Structure formats: structure tokens, C-alpha cells
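Open the model in your viewer and keep the sequence panel in sight. The tour below goes from stop to stop, giving a selection each time and then what is found there.

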Amino acid sequence: MTPSDPAFSDWVAQARGVGVLDELGRRGVALKRAGSEMVGPCPVCGGRDRFSVHMRKGVWHCRHAARGGDVIDLVQYLDGADFLAACETLTGRPPPRGEGTRATPEELAAREEQRRARAARQEAENNRYREAERRKVYALWGASMPIAGTPAEAYLARRGIPDPRSRDLRFKADFAFCHGHEEVDGRSYSRVLHRGPALVAAITGPDGRFRGLHMTWIDLARRKGKAEIVDPDTGEVLPAKKMRGSKLGGAIVLVPAWSGVARKVYAGEGIETLLSVWAALVAAGEDLRDTAFLCAADLGNLAGKARETIVHPTDTVADKRGHMRRVHVPGPVPDFESLAMPIPAECTELVLLADGDSDPFFTRMAMERACARHAAPGRIVRTAWAPPGKDFNDVLMEDLGLFPEQAGGTPAVASGAREALAPEQAAQAAVANGANEHGAAA
């Protein structure tokens, strides 16, 4: 049998269909998001951020080892394996008719032992790094100030949101936005692309301990008040939001249940999304004493990891050979061993807010995963969707009449939202396009 045979081609295609991030996750390799990439220590040669995965392209690169490629190249690099052995590892089955050159069981056991020892050393190093990073970020949080009277308050007002007086939201006047690295005298440093005011939010764990920081850079000269930051090398407009420290298993408590018992919880990935629904409900006179608004910072933390990936129905990407491959995305079944944003045990009604301006299939898989993960006896879990092409802040701004020519004004949220987003509408009708009612868990 030759590589051109259909059975062999299908076997290789199955191996190549495994996502790079999925294979890294299976091996316990943790990376952090940096723009369009996930970065972190190389699982083979260490370091701090020399290893990266381009999320859209599904390729990896280690700049120290000068190695990279697709998922098959990754397994060859991690295991010191040849092409056929890497495909066998990824597919879980030998090549057609046994042409494989996979290592003997003794060699595989020795490699696995080496991998476990290396992973243990790396985890210890990661824990030291995470704690050092947490302390650095906590110092930044300590140097910030309440948002009242600052550009952060004006930023929220620009979007139709009054100051929620949240203890977890603060303002920092001069914050560096770093992206990529630059070499100076043979050493690598984070490259500063922008400095300016930022809305900062504390990410805390279930124990209330500070874990990380969410940052949104502000430019009040722009319509929605968010800075536009461009990568000078690629011309790419970068997200004006970043996170430092650890978000997994934590949350930003935007508005707590002031009664002390969060019977109802609204949860979502974005600060503006959660606060838009909160502002509309406040303006409509809703009793929110037993209601909390919790921000997960991203969909991955809202839903946790998936047990497996599934094929996206439409998206494709070109591999390094120019062949179009189907994109794999995290599926709807949660991996309960992974971390995700905690939901208070006393919560009996959980409303998950889904944006309508992101990839619908990817988002739907994440919301189904979050519904299954956060289900509990006696708890109703449902998903409320923003209209297609919009998020909940778009809905609020439209209902308040905050068009471009009016963007410089401070919105009268209560009067503007009272009729447009009444209590039932704010949580359900205006945002329930395609909402799922999951009911109480068995």
C-alpha cells in the first residue's frame, strides 16, 4: 500500500483532523491567549512564551527550536516519533496493513515516563510563574482607583451603562498594551504598542481570592469608547481587551446579590454584555436583590473544556500544503475535570447570555456545554441570545437611541430603557432569539 491509497489517505486525514490545541490539552499543556495566538512555555524546551499556536490557522511554532507545523508535526516533535507513529498516536489505530514503524511497548513506556517527569517539572515551574504573575497583577490592581468620575465611568456611559459601583471594576490612567516581543541586546522583551487609560476588572476565585486582571483600553474619541490598537507589522486591528493572571475557575463579580443569596444569576463572557442587561433591568424597576451578574471573561471559562471536538459545518482552513481542511471546534459535551466559572450553589435560575455577533455554531456549542456543566438539581438553566449580528450592548444602545451623532452625550438609561426593555423583555423577549429552556436538572 502506498500513501496515495484511499485507506492510507483517510487514516492520515483523520490524524490531521485532530486540533493542535486539543492534542496539547490532552497532554496537559496550558497556554494563554495573546491576540490571535495561544502562547506559553514549550512542552519540550521550556521557556515562558516561546511556544505559540495560531488559533485560526491551527498551526504551532517554537521559536527556540525553530520547529512548527500541523498537529502531525506537533506529535513528531513532542514524542520524537516518525510520521506514521505520530498518525497512529493521533488516530489510536495502526496504519492500514501494518506498515507502521511505531516504537515498541518498552520504548513507548519509557517515553511516557519521561513525558510525565517533564510535565511534573513544567507544572512546578508553571505554578511558580503563575504565583509570581498573580502578585505582579495584584500590584497593578492595587494601583488602580474606583471608576466614579473617571474615563472608565464615561466609557460605560457612552455605551448606555451607569456606574454599577462594583468593587471588582476600577480605572487605571496609564496602562501599557503589550503585544509580541522585541529583541534588545540579545534579550526578549514584551513589545509595548499602546499606552492609555483602561477599565480594569478583578478576576476572583470561589474563595474570593484575587486571581487575575481583565483590561479594556479606552479611547473616548471613538464611538463606543474602546481604543483601536493596530499591529504595525501586520496591520491587524487587535482586540482592545487582555487578561493577565489566571481566569479559569474564576469570575468577575460585576454586581453581587445584595441580599447575600444569589437565587438568580446572569452569566456571560463580556463585561458590557452583563452590565447592559443589568442596566435595562434596573431601569425597568426589576427587583434584583437576589440576583447576581457574573462575567466569565470568555466562553472558554464560561463553559469549560469540551470532552471532544466536532467538525464545524462550514468553516475550512488551508494547511501548510495548501489543502483545505475542515475546522474542528469544541463540542457540546463538557469535560467536567476541567475548570470553569463557578456558579453559586444557592442559584435556582441561571440565565446564560449569548452574543449574536460571534460565530453562531461555535457559540452554540459553548452555550450547550455551559448549560450541561452548570445544571444542578432544582436549578433552571436557559440561554438568552442576542439578535444575529449584535450583542446585548448593541441592543441597549439602539433602544436608547445612541447613534453615532449622539455618541458624545450621556444617556438617560432609566427613561430610555423603561419601555424598550421591560423586565420580561430584557431577560427574555429582546434577547431570547432562539433561547433554550433546559428546565430543572434531574
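A residue counts as exposed when its relative accessible area is over 50%, and as buried when that area is under 20%. This is a predicted model.

**Stop 1: Ala66**

Select Ala66, in the loop between strand E4 (59-62) and strand E5 (67-69). Is Ala66 buried or exposed? With a relative accessible area of 62%, over the 50% limit, Ala66 is exposed. Its phi is near 55 degrees, a positive value in a residue other than glycine.

**Stop 2: Arg165**

Go next to Arg165, in the loop between H6 and strand E6 (169-184). Here too the backbone has a positive phi in a residue other than glycine, near 50 degrees. Arg165 has a relative accessible area of 66% and is exposed.

**Stop 3: the whole chain**

Zoom out and colour by secondary structure. The protein chain comes to 12 helices and 19 strands. Of its 442 residues, 45% are buried. Take the contacts in the chain with a separation of 6 or more: 66% of them are between residues 24 or more positions apart.

**Stop 4: helix H1**

Select residues 6-16, which form helix H1, and show side chains for the buried residues Phe8, Trp11, Val12, Ala15 and Arg16. Where do these buried residues lie when H1 is seen down its axis? They fall within an arc of 135 degrees, so they line one face of the helix. An α-helix has 3.6 residues a turn, so residues three or four places apart point the same way. On the face of H1 turned away from the buried side are the exposed residues Pro6 and Asp10. The cover over the buried residues of H1 includes H3, H4 and strand E16 (324-330).

**Stop 5: helices H3 and H4**

Add helix H3 (residues 71-79) and helix H4 (residues 83-91), whose axes come within 9 Å and cross at roughly 105 degrees. An angle of 65 to 115 degrees counts as roughly perpendicular, and H3 and H4 are therefore roughly perpendicular to each other. To see the contact, show Val71, Ile72, Val75, Gln76 and Asp79 on H3, and Phe83, Ala86, Cys87, Thr89 and Leu90 on H4. By class, this contact of H3 with H4 has seven nonpolar, two polar and one charged residues.

**Stop 6: the nonpolar cores**

In soluble globular proteins, nonpolar side chains tend to be buried together. For the largest nonpolar core here, which has 35 residues, select Leu254, Leu275 and Phe293; these touch the most other members. The elements giving two or more residues to this core are H6, E6, strand E7 (187-204), strand E12 (252-255), helix H7 (271-283), strand E14 (291-295), strand E17 (349-354) and helix H10 (392-399). Which element gives the largest share of this core? That is H7, with eight residues.

Centre on Leu275 and leave aside its neighbours within four places in sequence: Leu275 is in contact with Leu156, Ile161, Pro164, Leu169, Leu254 and Val255. Then select Val12, Val29, Trp60 and Leu78, which are among the 24 residues of a second, separate core.

**Stop 7: Ser144**

Select Ser144, in the loop between helix H5 (105-142) and helix H6 (151-158). Its relative accessibility is 6%, so Ser144 counts as buried. Not counting residues up to four places away in sequence, Ser144 touches Arg170, Phe171, Lys172 and Val200.

**Stop 8: His214**

Move to strand E8 (residues 210-217) and pick His214. This residue has 5% relative accessibility and counts as buried. Beyond its neighbours within four places in sequence, the contacts of His214 include Leu199, Val200, Ala201 and Ile203. Also in contact with His214 are Lys241, Lys242, Met243, Ile252, Ile271 and Ala297.

**Stop 9: Asp231**

Finish at Asp231, in the loop between strand E9 (229-230) and strand E10 (237-238). Is Asp231 buried or exposed? Its relative accessible area is 6%, so Asp231 is buried. Residues up to four places away in sequence aside, Asp231 touches His179, Arg191, Leu193, Glu236 and Leu238. Draw a distance from Asp231 to His179: the two are 52 residues apart in sequence and 8.0 Å apart in space, C-alpha to C-alpha.

Definitions and conventions. Residues are numbered from 1 along each chain as its sequence is written. This is a predicted model: local features need pLDDT of at least 70, side-chain atom pairs count only at pLDDT 80 or more; totals for chains, interfaces and linings use all residues. Side-chain values use heavy atoms; hydrogens and water are left out. Helices (H or I, at least four residues) and strands (E, at least two) are DSSP runs, numbered from the N terminus. Buried means under 20% relative accessible area, exposed over 50%, partly exposed in between (1.4 Å probe, protein chains only). Contact means heavy atoms within 4.5 Å. A nonpolar core is a set of buried Ala, Val, Leu, Ile, Met, Phe, Trp, Tyr and Cys residues joined through side-chain atoms within 4.5 Å. Axes are lines fitted to C-alpha atoms, for helices over the stretch in contact, and angles run from 0 to 180 degrees between N-to-C directions. Angles under 35 degrees count as roughly parallel, over 145 as roughly antiparallel, 65 to 115 as roughly perpendicular and the rest as oblique. Ala, Val, Leu, Ile, Met, Phe, Trp, Tyr, Cys and Pro count as nonpolar, Asp, Glu, Lys and Arg as charged, and the others, Gly among them, as polar. The arc is that of the directions from the helix axis to the C-beta atoms.
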